[in-house]
Amino acid sequence: MFSDLHRARTRSHHPLDVAAQLTARDRRQHHPDLTKLGGWKAMQKEGELPEGRWDEERRWALRMGLTGADSIDDKSIPTFARGELPHYAGINTFLKAPYAEDVQEVAHYDATVLGIPFDGGTTYRAGTRFGPQGVRKISALYTPYNYEIGVDLREQMTLCDAGDVFTIPANIEKSFDQISRAVSHVFSSGSLPIMIGGDHSIGFPCLRGIAECTSKKIGIVHFDRHADIQEKDLDERMHTTPWFHATNMPNVSPKNLVQVGIGGWQVPREAVKVARERETNIITMADMEAMGVDKTAEMALEMAWDGVDMVYMSFDIDSIDCGFVPGTGWPEPGGFLPREALALASKVAAEGICGMELVEVSPPYDQSEITALMGTRVIVDVLGSLVAHGKLGAHKRHIDKPVAIPHGEFDGKRWSNPEPHRIG
Ligand SMILES: [Mn+2]
């Protein structure tokens, strides 16, 4: 490719002559492979994406945040920052998505992010109770558009943030009950639940919340360095135990549990015994390296989907090499490279999911928010893949036992006077 250009350039030494000889079209013909590049295709694809929601958001921002000062030329800029811009401003939800303060509203959105600030199941470093806050904060730097996959989440799906579940710090079982109740509410509404932990103990109550709303069968793709399938740890259902309890549920079989990335020196023998007895499917990091990302994803999907109706994704951030994700409870070297992890998560999402959790981000141990950033990236890549492959909402037809959770009675708005105060 370079040599063609080089020859063309040497036809004349005068730069204007070169420009005349080499129009943009000529250059493309001189480089026939260019149109096969993802970069070129993605550039064309952007032109096909709608922009209506972006216009809507900017009009909404002027309504909510008042029109901007006279000196500002861009009349879409409000006085008070609202919505996506500027990225450093605002009280941000995940990806600056609308806050569903009234959780009845989640039904209006394709997907709902809910934080699960719970680290009572942690057996080493704590701090994941700040995971949802950490992930939300750094998620503010993302736009909803991804160049490579050619998706604009704002234009092609609806997303809200329902805030956090009210967990009980010193009580695992009460917290589990709260978590299952919250997840069952979101799942029953038809909105896809996206949980941000929290330690990995939440895997069981999250999946329980989904499983109780359906008579259908559910498989699990679990990315982790750790097997997390022993019955108890330190005498409780800690973050080392979620899949033992999840696969006790009648519609969640251990045969459909696929554990990807397991290995290293932090896998308790007790967990391995259970995995062997229950015949779960473990793909180690070395297996993944030998087979490659595509084959690994294909195999994981085949086993997780075998005879089931839906698949749940559990993504432990510590599955990625700890050099990339220092802010986690049990850091382990030798994990996925970020590119591998993101590709695997996207490929699993491409077949559709009934929910996902992103766990073990611990901001107090993080550096420059990189662990929280990686967690954000996993979630947005999963959403992008669901949109790109038309799988968003595929879980809805399996909700045959929706729950209805009562709400309290209160009329009005908190902290506001009955009549608005008029200025001037
Ligand atoms: Mn782990």
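Reader: In which loop does glycine 198 lie?

Author: This is a predicted model, where local features need pLDDT of at least 70, side-chain atom pairs count only at pLDDT 80 or more, and totals for chains, interfaces and linings use all residues. Residues are numbered from 1 along each chain as its sequence is written. Helices (H or I, at least four residues) and strands (E, at least two) are DSSP runs, numbered from the N terminus. Glycine 198 lies in the loop between strand E5 (192-197) and helix H9 (203-211).

Reader: What is omega for the peptide bond from glycine 197 to glycine 198?

Author: That peptide bond is cis. Its omega is near 15°.

Reader: Which residues does the cis peptide bond with omega of about -15° join?

Author: One partner lies in the loop between helix H5 (52-65) and strand E1 (111-116), and that residue is proline 86. The cis bond joins leucine 85 and proline 86.

Reader: Where is serine 368, and what is its phi?

Author: Serine 368 sits in the loop between strand E10 (356-359) and H15. It is not a glycine, yet its phi is positive, at about 50°.

Reader: How many helices and strands does the protein chain have?

Author: The count covers the secondary structure of the protein chain. It comes to 15 helices and ten strands.

Reader: In what order do the eight strands of the open sheet run?

Author: Two strands pair if DSSP finds at least two bridges between them. The pairing in this sheet is parallel. The order is E4-E1-E5-E10-E9-E6-E7-E8.

Reader: Why is one side of E4 and of E8 left without a neighbour in the sheet?

Author: Strand E4 (159-164) and strand E8 (281-284) stand at the edges. One side of each is left free of a neighbour in the sheet because each has a single partner strand.

Reader: Which residue in E9 stands opposite isoleucine 220?

Author: Strand E6 (residues 218-223) pairs with strand E9 (residues 310-316) in the parallel sense, over six bridges. Opposite isoleucine 220 in E9 stands tyrosine 312.

Reader: Are H6 and H15 roughly parallel or roughly perpendicular?

Author: Axes are lines fitted to C-alpha atoms, for helices over the stretch in contact, and angles run from 0 to 180 degrees between N-to-C directions. Helix H6 (residues 131-139) and helix H15 (residues 370-388) pack at about 75°, with axes 8 Å apart. Angles under 35 degrees count as roughly parallel, over 145 as roughly antiparallel, 65 to 115 as roughly perpendicular and the rest as oblique. H6 and H15 are therefore roughly perpendicular.

Reader: How far apart are the C-alpha centres of domain 1 and domain 2?

Author: The bounds come from an automatic or database domain assignment. Domain 1 is 2-36 and domain 2 is 94-398. Their C-alpha centres lie apart by 49 Å.
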